[in-house]
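This report looks at empty space, a small sheet and the cysteines. Please have the model open while reading.

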Amino acid sequence: MRVLHVITGLGVGGAEHQLRLVLPRLAAEPAVVTLTNPGPVATAIRTTGIPVHDLGMRGNRDLTAVPRLAAFIRAGRFDVVHTHLYRACVYGRIAARMAGVRAVVATEHSLNDGIIEARPTTAGVRALYLAAERLGRVTVAVSEAVRQRLVAWAVPDRRITVIPNGIDPAELRPDPVLRLQTRARLGIPARARVVGGLGRLEPTKRFDLLVRAVAALPDTTLLLAGEGPARAGLAALAGELGIADRVAFAGGLPHARAALCAMDVFASPSPQETFGMAVVEALAAGLPVVYVSCPPLEARPDPAARRVPATPEALRDAVRAALSRPGTAAPETVAQHDIGRVAGALDQLYGRLTRPDRVWSRTT
């Protein structure tokens with residue numbers, strides 16, 4: 001079975017990282033099309049032997065992307081088209097139907113209340129989303145929270161299936177050598193107390209709360225791994241609070257392991273998450289965790305993770321306490337989110353969708 005994954009871009013991000021992890025583990029034969037920005041994740045995917053094609057889309061109004069993508073799908077004789085992220089889900093579903101592929105799947109990675117992929121969910125965005133959704137067969141929600149939001153948007157529940165995100169525990173093992181190397185590269189003393197955050201630096205992620213929390217924690221360094229439009233503002237805030245020398249920006253990293261190895265505590269101040277993958281990765285890396293929102297842990301708490309309100313004071317107190325305790329993530333938390341489970345669930349889904357004698361439902 002040939003499956004084409006269509007994604008908006010392959011820069012560093014949660015959906016992109018998830019695709020990189022799952023592709024080599026699929027029984028189905030995968031290929032990838034990125035509409036634009038074949039960044040470092042494209043390089044990482046290619047090293048596994050999986051082809052990545054750059055469609056070279058010039059913007060949202062580049063309507064030539066649809067027939068070009070349809071031609072690519074037709075030429076590749078793909079059995080399933082699986083789309084990821086808003087723009088790819090719109091253009092990819094249309095192109096798949098033009099190419100005659102009826103087994104069309106979309107994964108919804110980042111639908112929050114009032115926000116989808118950092119853009120406001122205006123009436124126009126929502127209408128286009130729902131129109132495109134009707135061209136597919138199934139929408140995969142990465143958490144129960146996302147499923148509920150999709151239903152609230154009027155996506156029929158029978159067309160939704162929940163397949164939680166996954167991690168590669170082996171890729172997240174603590175490494176004392178990598179810890180020292182990463183700290184040295186970022187100018188962080190080897191013995192410093194380090195609290196870290198990981199993710200795209202967007203205003204909605206509220207890393208400003210974490211900067212303010214660390215300002216009230218003397219002798220503590222903040223490590224932020226990620227890129228995004230909020231970076232300049234966060235650096236300016238650190239300067240205003242007099243802690244510029246205690247805030248290190250690691251930039252976008254293709255893999256989270258180096259940043260996590262350099263941390264003593266992981267903190268996620270985002271008040272709205274569709275999944276909270278970085279939180280689960282931090283637990284797998286053996287770190288004590290402080291978080292504001294993480295749907296899988298809200299459904300099944302872990303002893304190494306503490307949920308707090310989205311305030312600098314709550315984060316400050318929880319981080320201070322976490323710095324004095326080791327990470328002791330429950331083994332079942334890590335096992336439950338192993339990426340192999342995600343790949344197995346997707347392969348089963350592809351099989352059901354391409355079976356000619358069955359009509360899709362979440363119970364078949």
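How do the residues in the lining of the second largest pocket divide by class: how many are nonpolar, polar and charged? Twelve are nonpolar, five are polar and six are charged. The model is predicted.

## The second largest pocket

This pocket has a volume of about 370 Å³. Its lining counts 23 residues. V142, V162, I163, P164 and H337 lie nearest the centre.

Four elements each give two or more residues to this lining: helix 6 (144-152), strand 10 (160-162), helix 12 (295-299) and helix 15. Helix 15 has the largest share, with five residues.

## The cavity

The structure holds one cavity of 30 Å³ or more. The largest cavity has a volume of about 100 Å³. It is lined by 14 residues. Closest to its centre are Q18, T107, H109, V342 and L346.

Helix 1 (14-22), strand 4 (80-84) and helix 15 (339-354) each supply at least two lining residues. Helix 1 gives the most, three residues. Eight residues of this lining are nonpolar and six are polar. None is charged, whereas the lining of the second largest pocket has six charged residues. Helix 15 serves both linings: it supplies at least two residues to that of the cavity and five to that of the pocket.

## A three-stranded sheet

Strands 6, 7 and 8 form an open sheet, in the order 6-7-8, with antiparallel pairing. Strand 6 (111-112) and strand 8 (119-120) are the edges. Each has a single partner strand, so one side of each is left without a neighbour in the sheet.

Strand 7 covers residues 115-116 and is joined to strand 8 by two bridges. The two strands run antiparallel. Across this pairing, I116 stands opposite R119 of strand 8.

## Cysteines without a bond

How many disulfides does the structure hold? It holds zero. C261 is in no disulfide, and its nearest cysteine sulfur, that of C294, is 20 Å away.

Why is C294 not bonded to C261? A disulfide needs two cysteine sulfur atoms within 2.5 Å. The sulfur of C294 is 20 Å from that of C261, its closest, so the gap is too far for a bond.

Are these cysteines buried or exposed? C261 is buried, with a relative accessible area of 8%. C294 also counts as buried, at 0% relative accessibility. The cut-off for buried is under 20%.

Key:
Residues numbered from 1 in each chain as written. Predicted model: local features only at pLDDT ≥ 70, side-chain atom pairs only at ≥ 80, totals over all residues. Heavy atoms only, no water. 1 Å grid on protein atoms, 1.4 Å probe; cavity = no way out; pocket = protein on both sides within 12 Å on 5 of 7 lines; lining within 4 Å. Points joined across faces, edges and corners; volume = space filled by probe spheres on them. Nonpolar A, V, L, I, M, F, W, Y, C, P; charged D, E, K, R; others polar. Pairing = 2+ DSSP bridges. Buried < 20%, exposed > 50% of the residue type's maximum accessible area, 1.4 Å probe, protein only.
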